[in-house]
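Biologist: I would like to learn how to read a structure like this one. Could you take me through a few features in turn?

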Amino acid sequence: MHPLEHFWPFIAFGAMVVAAIGFSIIAVTFPSILGPRKTHNEIKDSAYECGLPATTGTPARFSVKFYVVAMLFILFDIEVVFLIAWGVLYRKLIKPEGAGGLGWAALAVAVIFLLILEAGHIYAWRSGALDWASWRSRPQQEPRA
Amino acid sequence: MTVYDAMFWFFSLALLLCGVLVLISRDAVASALFMVLGFIFLAGLYLLLEAWFLALIQILVYAGAIMVLFLFVVMLLDFREKRRWWHGNLLGWLGAPLAVAALLAALLPVLKRAGALADAPEKWFEGTLENVMTPVFTRYLLPVEVTALILLAATIGVVVLGRKETKP
Amino acid sequence: MHLDGVILEWVFVIVRILAIFVITFMIVPYTVMAERWVCAWIQDRIGPNRTGWFGLMQPWADALKLFLKEDIIPHHVRKVYYVIAPTLVFLPALLTMALMPWGSNLGPMSCVLADIGPGMLVVFAVGACSVYGIVLAGWASNSKYPFLGGVRSAAQLISYEVCIGLSLVAIFMQTQTLNLTQTVLYQAANGWLVWQQPLAAFLFLICMFAETNRAPFDFPEAEQELVSGYNIEYSSLKFGLFFLGEYANLMVASMLMVTLFLGGWSLPFAPLNAPAQVWWVGAAHVAIFIAKTACLLFLFIWVRWTVPRFRYDQLMGLGWKVLFPLALLNILITAVVLGLRGGA
């Protein structure tokens, strides 16, 4: 085992991380050295609204839809991770059973996996979680009774 | 001490430091960001074990997706109140040592075998995507589909919880 | 590995890091420049033509100006996050450059800085972390437009990340690798993937428009609604870093598209379709890669000044209801075709 040879690409990547962070530090600190001396006044220190003194503050909260999207993203991201791994191996897995593969079972794995997840996707779709503008709490026809 | 050992100590100590900072930061956003940093150092440890796939997936899923959700939630709830870490309740103070003890008890059998495993280099397993995921798609098909079911349950849960309460 | 080999490798690492900085800081300012020229041309104006020869020094003058401006940190911001946020926007683009095969090899030096086995996973991981810069910038500014811009942008980025992953699965099924160099070699031998996977290429391109916050998806800085989005409260080079990061991301997106779909550094005839044996072929590969990237950058600019902005709900709908199912369909079609061929 020769660890260093194995790790070489990651060491190179680490060197890039160091270089990039170094550049960032320079970029963030230089202007405060080169630029004019800092001055403060009330307008400069106020949050920008439209050029006039601000009348309202930052919204403390935002729509719960962002949370729903972030959560759906996690779930489908995990799906993507599975699919990437499956995709890379697919050509080996699809080979006939004699040749070390699974045959069409390799496709069936992913199809079943996708069908289950697609049920969730379609449920989210039908219940309106993916409609950004007109998301109502329930389908609008409901209070007909 | 080899370069390898030095890297191990660097990543482990940095990871521990990040963990402590997650706990004692006054600001929930700072805690979340230290956790992201911790995940990156954890990925470093995985890399040292040649678990390439796990290291990268871990960053992709935990740092890239789950912590984004955490940040969203922290901002959504808008914690203006900043609490010191020792301001926990009694349950927390009692529960934490118990949780740590339980974890150690679970890890103890593994730790006992650690010395023996380290002396068996022929069992070295390179964690490439092929090595890790081929068994998953050949031998462990049922767990894969069960994972899909868990994800489905989570999807439905999110959509139901994300709805506004309707007034009767 | 002998000591000489180690020293040589370190020399190569340093040379390639410098090369990455040179490439980035040559392409990015002139992309800004090209953007202004093309925009002026499309709008039948003259565009910047005063600074230097034909205005060629304009981006450097702008950069110098940003360097020398007062570095304002307003009192109402959350200071630490405010300072690190711009760097977090710029860092992912630079780190992705480390994985980019911007040529085959120059003499004994391979042109990829970090030829990591599962390179695309690193690209995904680094790209996933680019959300933080924007979210933090919006939140740290403690002001309403940046906050809305940051949150919107984050939701947009994560929605389209799913589609990026899905559209590329079809590519991985064909090439059987996550390594960028191997992907280019596959295309050099078997033809460009854009011909074999046109739908995947199209989906990936649309996702790249969304990921780089370019028109028609430039919601974080929808000028009419959010003034300039997450970077309003920034000044001097911190603003410059956002600007730089935006165009660096654009450059990286173009390079990814070139590497994954347009044959990378190769052209489909000898001797340009194989790793270079002589130095001038290596140099030609670098030139080809940069020329292809430039063409795509032109496409990005052209679209920006031609297509109007979507509505935000249309954007989210497009991602989740159109691109997502299409990408799945593409995967299934690819799987069936490859299956009928017996995996060969």
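Modeller: We will go through chain A, its contact with chain C, a helix pair, a single helix and a pair of domains. Keep in mind that this is a predicted model.

Biologist: Which elements does chain A have, and in what order do they run?

Modeller: Begin with the secondary structure. Chain A has three helices and zero strands, and from the N terminus its elements run α-α-α. Next comes burial: 33% of the 145 residues of chain A count as buried.

Biologist: How many residues does each chain bring to the contact between chain A and chain C?

Modeller: Take a contact one side at a time. Chain A brings 57 residues and chain C brings 61 residues. On the chain A side, α1 (3-34), α2 (64-93) and α3 (105-126) each supply at least two residues. The largest share of that side, 19 residues, comes from α1(A). By class, the side of chain A that touches chain C has 41 nonpolar, seven polar and nine charged residues.

Biologist: How do the axes of α4 and α5 of chain C cross?

Modeller: For a helix pair, look at the distance and the angle. Helix α4 (residues 119-141) and helix α5 (residues 144-175) of chain C have axes that come within 7 Å and cross at roughly 170°. Angles over 145 degrees count as roughly antiparallel, so α4(C) is roughly antiparallel to α5(C). Among the residues that make the contact are C:Phe124, C:Val131 and C:Trp139 of α4(C), and C:Phe147, C:Leu157 and C:Glu161 of α5(C). By class, this contact has 15 nonpolar, seven polar and one charged residues.

Biologist: How far does helix α2 of chain B reach from its first C-alpha to its last?

Modeller: For a single helix, set the span beside the expected one. Helix α2 (residues 28-48) of chain B has 21 residues and reaches 31 Å, close to the 30 Å expected at 1.5 Å a residue. The buried residues of α2(B) include B:Val29, B:Met35, B:Phe39 and B:Leu47. B:Glu50, which follows α2(B), has a positive phi, near 60°.

Biologist: Which domains does the assignment give for chain B?

Modeller: With domains, read the bounds, then the contact. The assignment for chain B gives domain 1 (3-127) and domain 2 (128-168). Five residues of domain 1 are in contact with four residues of domain 2. By class, the domain 1 side of this contact has three nonpolar, one polar and one charged residues.

Technical notes: Residues are numbered from 1 along each chain as its sequence is written. Chains are lettered from A and ligands numbered from 1 in the order in which they are written. This is a predicted model: local features need pLDDT of at least 70, side-chain atom pairs count only at pLDDT 80 or more; totals for chains, interfaces and linings use all residues. Two residues are in contact if their C-beta atoms, placed from the backbone, lie within 7 Å. Helices (H or I, at least four residues) and strands (E, at least two) are DSSP runs, numbered from the N terminus. Ala, Val, Leu, Ile, Met, Phe, Trp, Tyr, Cys and Pro count as nonpolar, Asp, Glu, Lys and Arg as charged, and the others, Gly among them, as polar. Domain bounds come from an automatic or database domain assignment. A residue is buried if 20 or more other C-beta atoms lie within 10 Å of its own, exposed if 12 or fewer, and partly exposed in between; C-beta atoms are placed from the backbone. Axes are lines fitted to C-alpha atoms, for helices over the stretch in contact, and angles run from 0 to 180 degrees between N-to-C directions. Angles under 35 degrees count as roughly parallel, over 145 as roughly antiparallel, 65 to 115 as roughly perpendicular and the rest as oblique. The expected span of a helix is 1.5 Å times one less than its number of residues.
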